[in-house]
Amino acid sequence: MLDKLNEIEKAALESLSAVNDEAALEAWRVANIGRSSAVMNVFSQMGGLSKEERPLVGQRANQVKLAIENAFAERAELVKSAALARSLEQDQLDITLPGRPVRRGGLHPATMTLRRILDILAEMGFQVYTSRDVETDEMNFQALNFPPHHPAREMQDSFYIETEGREENPLLLRTHTSPGQVRAMREFSAANPENPPSIRIALPGMCYRYEQITARSEVQFYQVEGLAVGENITYGDLKGMLADFARRMFGPQAKIRFRASYFPFTEPSAEVDVECFVCGGKGCAVCKNSGWLEILGCGMVHPTVLQNGGYDPRRYTGFAFGMGPQRQTMLLHRMNDIRYFWGNDVRFLEQF
Ligand code: PHE
């Protein structure tokens with residue numbers, strides 16, 4: 001038995017010196033100190049030994065087991081540090097290499113102009129009020145004083161989305177942000193019908209028109225509506241406010257002019273031009289030699305519209321205006337085709 005133990009120890013230690021990686025190490029451990037290894041077998045055979053032999057063999061078996069275990073631990077340490085050295089050598093990380101560029105997204109040019117307009121209006125006291133994209137015929141047209149046969153109400157010009165069973169008041173995508181005027185007035189006057197509060201709001205949003213898409217017209221576009229209602233608001237306030245807006249938007253030299261126009265929901269109505277900032281008013285291709293660029297429609301809120309919003313037109317007056325951020329973007333950046341906005345061409349978008 002003692003001889004056998006010596007042999008077991010020698011064989012184990014000899015075979016260990018050939019073990020060079022983790023897998024071989026584990027296989028060696030199972031074979032030499034595992035439950036059915038040779039040393040362990042000696043322990044299980046001890047019952048058959050004589051009283052004299054038993055303590056001697058037991059002591060020696062313990063020594064051998066310990067020697068094998070210690071040798072294993074030593075070897076394991078060696079294999080591990082060799083593996084680490086190898087991986088450090090092979091998987092070298094060059095921290096001086098330049099990183100991969102991260103492509104950054106940016107705001108869409110239409111969004112940038114929209115935000116700039118809203119920032120300027122906020123400075124002037126106009127709070128943002130959002131209204132719905134899906135409107136009723138009543139709000140989009142009737143409440144805004146459109147006569148029954150106004151061309152904008154034709155099926156060909158608006159996206160109607162539900163007409164069945166509501167012939168009198170079909171659903172459609174709003175063709176302008178103006179219905180938000182009446183929605184806002186109704187909300188504010190409902191809270192205090194006897195004494196509706198004064199209003200100063202900006203209504204941004206997408207508008208939709210069923211039109212041929214061309215360089216100058218898209219089926220969907222942004223508008224920003226402005227509405228001010230109060231007890232002593234005059235046409236002079238409208239002119240002063242828009243002149244101030246133009247200076248903040250287009251620069252301190254910006255001049256504007258009012259041209260008489262017509263909208264069913266304002267009276268009087270006007271279209272506003274800003275002096276061409278490309279040629280300074282002398283006349284060029286951008287302003288088509290007129291020296292002026294049209295930027296918005298506006299007017300004094302029609303008494304019928306005030307009434308429809310719950311504001312007594314004998315006591316209240318107000319002004320409203322509607323402008324297109326995309327049109328202003330086109331003017332500011334000399335864009336000649338509105339289709340670039342929703343074309344999603346990165347070469348275009350990256351220029352902003
Ligand atoms: N809603 C008008 C349009 O879409 C613009 C407008 C708004 C005009 C407010 C007057 C007052 O053309």
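So, H5 and H10: these two helices are roughly perpendicular to each other, a label that covers angles of 65 to 115 degrees, with under 35 counting as roughly parallel, over 145 as roughly antiparallel and the rest as oblique. Their axes cross at roughly 105° and come within 9 Å. Axes here are lines fitted to C-alpha atoms, for helices over the stretch in contact, and the angles run from 0 to 180 degrees between N-to-C directions. H5 spans residues 109-123, and H10 runs over 325-332. Helices (H or I, at least four residues) and strands (E, at least two) are DSSP runs, numbered from the N terminus.

Before I go on: this is a predicted model, where local features need pLDDT of at least 70 and side-chain atom pairs count only at pLDDT 80 or more, while totals for chains, interfaces and linings use all residues. Residues are numbered from 1 along each chain as its sequence is written, and side-chain values use heavy atoms, with hydrogens and water left out.

Who meets whom? On the H5 side we have Pro109, Ala110, Thr113, Leu114, Arg116 and Ile117, in contact with Pro325, Gln326, Gln328, Thr329 and Leu332 of H10; contact means heavy atoms within 4.5 Å. That set splits into 6 nonpolar, 4 polar and 1 charged. Nonpolar is Ala, Val, Leu, Ile, Met, Phe, Trp, Tyr, Cys and Pro, charged is Asp, Glu, Lys and Arg, and the others, Gly among them, are polar.

Just past H10 sits arginine 334, in the loop leading to helix H11 (340-343). Its phi is near 55°, positive in a residue that isn't glycine. Arginine 334 is partly exposed at 47% relative accessible area; buried means under 20%, exposed over 50%, partly exposed in between, with a 1.4 Å probe and protein chains only. Asparagine 145 also has a positive phi, near 75°, and is in the loop between helix H6 (137-140) and strand E3 (160-162). At 24%, asparagine 145 is partly exposed too. For context, most residues other than glycine have a negative phi, and most peptide bonds are trans.

On to strand E8, residues 266-275. Glutamate 267 and proline 268 are joined by a cis peptide bond, omega about -5°. Threonine 266, in E8 as well, is buried at 2%. Beyond its neighbours within four places in sequence, threonine 266 touches Cys298, Gly299, Met300, Val301 and His302.
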